[in-house]
Amino acid sequence: MDHRIPLPPTPVLETARLVLRPLAERDVPAIQRIFPQWEVVKHLNAAVPWPYPDDGAATNMAMCLDQRAKGEKFFWAITLKGDDELRGRIDLWPGDAGVRDSRGFWLDPLLHGQGLMTEAADAVTDYAFRVLGWPELWLTNAQENLGSHRIKEKQGAELVDVTPHAYVGGPGLRETWVLRRDAWLARR
Ligand SMILES: CC(C)(COP(=O)(O)OP(=O)(O)OC[C@H]1O[C@@H](n2cnc3c(N)ncnc32)[C@H](O)[C@@H]1OP(=O)(O)O)[C@@H](O)C(=O)NCCC(=O)NCCS
C-alpha cells in the first residue's frame, strides 16, 4: 500500500466555470444516463463493461465509495457552477513507476471541446502538487485519444513510453506520461 494512503477527505475544488465536488450516491442516475455512450467509452480500458449493464453505474459507484472509504482514491463529480448535476467525473490516486497511473476523467459529450476538462485537470493537478505535495503524477491515454493526449501535453507531462493495451474500442496503443511537481510549479 502506498505510504500516502489513507488520503484526506475529498475537498471541493472550484475553477472559473466548474465546481468539483465529492462523488455521491445521488450521482448514479446521471452517470447511468451519460456514461454509456460510445464517445465516452471507446478509449477507456477494456475492463469497462460494454454493452453497459442497467446497473453499471450503481455497481461502479459502490466500488468507488468503498475505495474512497478506505482512503485509496479521490473521486470528484464535475458540475457546472450554479448547477449541482454531475456532468462528468475526475479521479485521482497516488501513482508511481510501479502503478503508472494516477488520474482518470470523462465528460458528457455535449460539453466536449470547451476546455472544461483542461480546467478540471488543472485544478486536480494543482491540488495533488501544491496541497498534497506529491512528487509526480502518472498519466495514460489511448494514443488515438487526441483530447486526452493534448491535456497531458498542455500540462507539461513527459511521454514515457507507448505500449499495447486493450480498450473498449479494441486493441490499441497506450501512452504513459509522467508529470513532475517541479515542472508543474515552474510553469505556473
Ligand atoms: C478526453 C476528454 C475528457 C477531453 O475533454 P474536453 O473538455 O473536451 O477537453 P478540452 O476541451 O479541455 O480540450 C483539451 C485539448 O484537447 C483538444 N481536443 C479535445 N478533443 C479533441 C479531439 N477530439 N481531437 C483533437 N483535439 C482535441 C482541445 O482542442 C484542447 O487543446 P487546445 O487547448 O490546444 O485547443 C473528453 O473528450 C472525454 O470525456 N472523452 C471520453 C472519455 C475519455 O476518453 N477520457 C480520457 C481517458 S484517458
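1. Labels to start with: helices (H or I, at least four residues) and strands (E, at least two) are DSSP runs, numbered from the N terminus. Keep in mind that this is a predicted model. With those labels, Pro51 sits in the loop between helix H2 (38-41) and H3. The bond leading into this proline deserves a look, since Trp50 and Pro51 are joined by a cis peptide bond with omega about 5°.

2. There is another cis bond to check, towards the start of the chain. The peptide bond from Ile5 to Pro6 is cis as well, with omega near 0°. Pro6 belongs to the segment before E1. For background, most peptide bonds are trans, and most residues other than glycine have a negative phi.

3. On the phi side, Arg100 is the residue I would click on. Arg100 is not a glycine, yet its phi is positive, about 55°. You will find Arg100 in the loop between E4 and E5. Is Arg100 buried, partly exposed or exposed? With a count of 20 or more needed for buried and 12 or fewer for exposed, Arg100 comes out as partly exposed because 17 other C-beta atoms lie within 10 Å.

4. Now the five-stranded sheet. It is open, with strand order E1-E2-E3-E4-E5 and antiparallel pairing. Strand E1 (13-14) and strand E5 (103-107) are the edges, each pairing on one side only. E1 and strand E2 (residues 18-22) are held in antiparallel register by two bridges, and Leu13 faces Leu20 of E2 across that pairing.

5. What lies across this sheet? Helix H4 (residues 116-131) does, over E1, E2, strand E3 (74-80), strand E4 (88-92) and E5. The direction of H4 makes an angle of about 155° with E5.

6. The core comes next. The largest nonpolar core contains 39 residues, and H4 is its top contributor, with eight of them. Which residues have the most contacts inside this core? They are Leu20, Trp76, Ile78, Ile90, Ala120, Val124 and Leu179. Leu20 makes a good starting point for browsing: leaving aside residues up to four places away in sequence, Leu20 touches Val12, Leu13, Trp76, Ile78, Ile90, Ala120 and Ala123.

7. Helix H3 (residues 56-69) passes a simple geometry check. Its 14 residues, at 1.5 Å a residue, should span 20 Å, and the end C-alpha atoms are indeed 20 Å apart, so the two agree. Ala57, Met61 and Cys64 are buried in H3. Looking down the H3 axis, the buried residues fall within an arc of 65°, so they line one face of the helix. Helix H1 (28-34) and E3 are among the elements covering them. The other side of H3 carries the exposed residues Met63, Asp66 and Ala69. After H3 comes Gly71, with a positive phi near 75°.

8. The other sheet has three strands in the order E6-E8-E7, again open and antiparallel. Strand E6 (136-142) and strand E7 (158-167) are at its edges, each with a single partner strand, so one side of each has no neighbour in the sheet. Neighbouring strands here are turned by 25° against each other on average, ignoring direction.

9. For the register in this sheet, strand E8 (residues 170-180) pairs with E6 over seven bridges, antiparallel. Thr140 has Thr176 in E8 as its bridge partner, and Leu139 stands opposite Trp177 of E8. E8 also runs antiparallel to E7, joined by nine bridges; there, Thr163 has Arg174 of E8 as its bridge partner. E7 and E8 make a hairpin with two residues between them.

10. Last stop, helix H5 (residues 146-155). H5 packs on the three-stranded sheet, touching E6 and E8, and its direction makes about 150° with that of E6. Where do its buried residues sit around the axis? Ser148, Ile151 and Lys152 are the buried ones. These residues take up an arc of only 95° around the axis, which puts them on the same side of H5. Their cover includes H4, E6 and E8. Following H5 is Gly156, whose phi is positive, near 90°.

Technical notes
Residues numbered from 1 in each chain as written. Predicted model: local features only at pLDDT ≥ 70, side-chain atom pairs only at ≥ 80, totals over all residues. Pairing = 2+ DSSP bridges. Contact = placed C-beta atoms within 7 Å. Axes fitted to C-alpha atoms, helices over the stretch in contact; angles between N-to-C directions. Core = buried A, V, L, I, M, F, W, Y, C linked by C-beta atoms within 7 Å. Expected span 1.5 Å × (residues − 1). Arc of directions from axis to C-beta.
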